[in-house]
Amino acid sequence: MSKRGGNSARRFTGSGSVHSKSPASPLLPIALLLLGSFLFIVYFYRGSTDRIKYNNEVSKIEGDFGCTFDVQKAIPALMRTYGDSMNRVLHVGPDTCSVVSLLKKEAGTEAWGVEPYDIEDADLSCRRLVHKGLVRVADIKFPLPYRAKSFSLVIVSDAVDYLSPKYLNKTLPDLARLSAENLVIFTGYPVHSRGKFQQQPKFGRPAKMRSTTWWARFFVQTSLKENEAAAMKFDQAASEISYIPRCQVFHLNSYH
């Protein structure tokens, strides 16, 4: 005699009565959905917090070496130093979008930027600057596509440290060619090259931090004269706003 298949929805009690299983509560799917949403929000928030923390740590590391961060902090001192000469500014260096955005907030200042590396991971605001033609990616080892004296001031940071003297002999005069009045260079100190964290290689070579004496000789060789009056004015302005440069800052006259 064959056994009757069991009914999962029915069971017999000791008294012989039959009970059906209670139907699932309609609130259970809603509760699970709310729980899943809550866990997703917590995960996303923690991920965002971790990314922010990571970016802050990267900024601290890069801040030990990167002079572009110094440029951003130096803008008020540069404005006091150069005044009306800050009306058409070109910045050359990494994270130029941030520098251009800050410069554009200054009254009467127009700004452009050249990014010598890569901006594949650039945010939306940076991509907008690129789309408007205010920022471009270019290899500074070759002449930039601007006419002579297109800008009143050219600021360079974290770019020349990666160039060999062979390319510096061409690049720096070309940058000076673009300026109608002044050229400001932010470059690292030699002691920084012995730090715990090293700058990542660019242009196929690591950064080479050069001494003040080395740069002074190089400026003479390329017929670039240091603007001592601007340097003194900048130092005074920096002191007034409690800004202490972590990089070497050279103020040069453009070619006339």
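Which handedness, right-handed or left-handed, does the disulfide of Cys97 and Cys126 have? In the predicted model described here, the torsion about the S-S bond of this pair is about 50°, so the disulfide is right-handed. The two sulfur atoms of Cys97 and Cys126 are 1.9 Å apart. The bond connects distant parts of the chain, with Cys97 in helix H3 (residues 96-104) and Cys126 in helix H4 (residues 124-131), 29 residues apart. Both Cys97 and Cys126 are buried.

A search of the whole structure gives two disulfides. Besides the pair just described, Cys67 is bonded to Cys247, with a distance of 2.1 Å between the sulfur atoms. This pair, too, links distant parts of the chain, at a separation of 180 residues: Cys67 lies in the loop between helix H1 (27-63) and helix H2 (68-82), while Cys247 lies in the loop between helix H7 (228-240) and strand E8 (248-253). The link of Cys67 and Cys247 is left-handed, with -100° about the S-S bond. Cys67 and Cys247 are both buried. When the bonded cysteines are counted along the chain, the disulfides follow the pattern 1-4, 2-3.

The overall architecture was examined next. The secondary structure of the protein consists of seven helices and eight strands. Of its 256 residues, 39% count as buried. The protein exposes about 15,900 Å², and carbon and sulfur atoms supply 57% of this area. Among contacts between residues at least 6 apart in sequence, 73% join residues at least 24 apart.

Helix H5 (residues 165-178) was considered in detail. Its 14 residues should span 20 Å at 1.5 Å a residue, which agrees with the 20 Å between its end C-alpha atoms. The buried residues of H5 are Leu168, Thr171, Leu172, Pro173, Asp174, Leu175, Ala176 and Leu178. The elements that cover these buried residues include strand E3 (88-92), strand E6 (151-157), strand E7 (179-187) and helix H6 (212-221).

Tyr146 is located in the loop between strand E5 (135-137) and E6. Because its relative accessibility is 15%, Tyr146 counts as buried. Apart from neighbours within four places in sequence, Tyr146 is in contact with Leu90, Gly113, Val114, Arg136, Phe151, Arg177 and Leu178. Leu178 is itself among the buried residues of H5. Asp174, another of the buried residues of H5, is 28 residues from Tyr146 in sequence, and the C-alpha atoms of Tyr146 and Asp174 are 9.9 Å apart in space.

Lys149 also has its place in the loop between E5 and E6. The phi angle of Lys149 is near 60°, a positive value in a residue other than glycine. At 42% relative accessibility, Lys149 counts as partly exposed. A contact partner of Lys149 is Ala180, a residue of strand E7. Ala180 likewise counts as partly exposed, with a relative accessibility of 26%. With neighbours within four places in sequence left aside, the contacts of Ala180 are Lys149, Phe151, Ser152, Ser254 and His256. Phe151 thus appears in the contacts of Ala180 and in those of Tyr146. Ala180 and Leu153 are 27 residues apart in sequence, with their C-alpha atoms 7.1 Å apart.

A positive phi is found at Ser242 as well, where the angle is about 60° although the residue is not a glycine. Ser242 lies in the loop between H7 and E8, and Cys247 is placed in the loop between these elements. With 65% relative accessibility, Ser242 counts as exposed, whereas Cys247 is buried.

Aromatic side chains were then surveyed. The search of the whole structure finds ten aromatic pairs. One aromatic cluster is formed by Trp214, Trp215, Phe218, Phe219 and Phe250. A charged side chain lies over one ring of this cluster: Arg210 is placed over the face of Trp214, at 4.6 Å from the ring centre. Elsewhere, Lys141 lies over the face of Tyr167, at 5.7 Å from the ring centre.

Note on methods
Residues are numbered from 1 along each chain as its sequence is written. This is a predicted model: local features need pLDDT of at least 70, side-chain atom pairs count only at pLDDT 80 or more; totals for chains, interfaces and linings use all residues. Side-chain values use heavy atoms; hydrogens and water are left out. Rings of Phe, Tyr and Trp (its six-membered ring) pair if their centres lie within 6.5 Å; planes under 30 degrees apart count as stacked, over 60 as edge-to-face and the rest as tilted. A charge sits over a ring if NZ of Lys or CZ of Arg is within 6 Å of the ring centre and within 35 degrees of the ring normal. A disulfide is a pair of cysteine sulfur atoms within 2.5 Å. Helices (H or I, at least four residues) and strands (E, at least two) are DSSP runs, numbered from the N terminus. Buried means under 20% relative accessible area, exposed over 50%, partly exposed in between (1.4 Å probe, protein chains only). The expected span of a helix is 1.5 Å times one less than its number of residues. Contact means heavy atoms within 4.5 Å. Accessible areas come from the Shrake-Rupley method with a 1.4 Å probe; for residues, only the protein chains shown count as cover.
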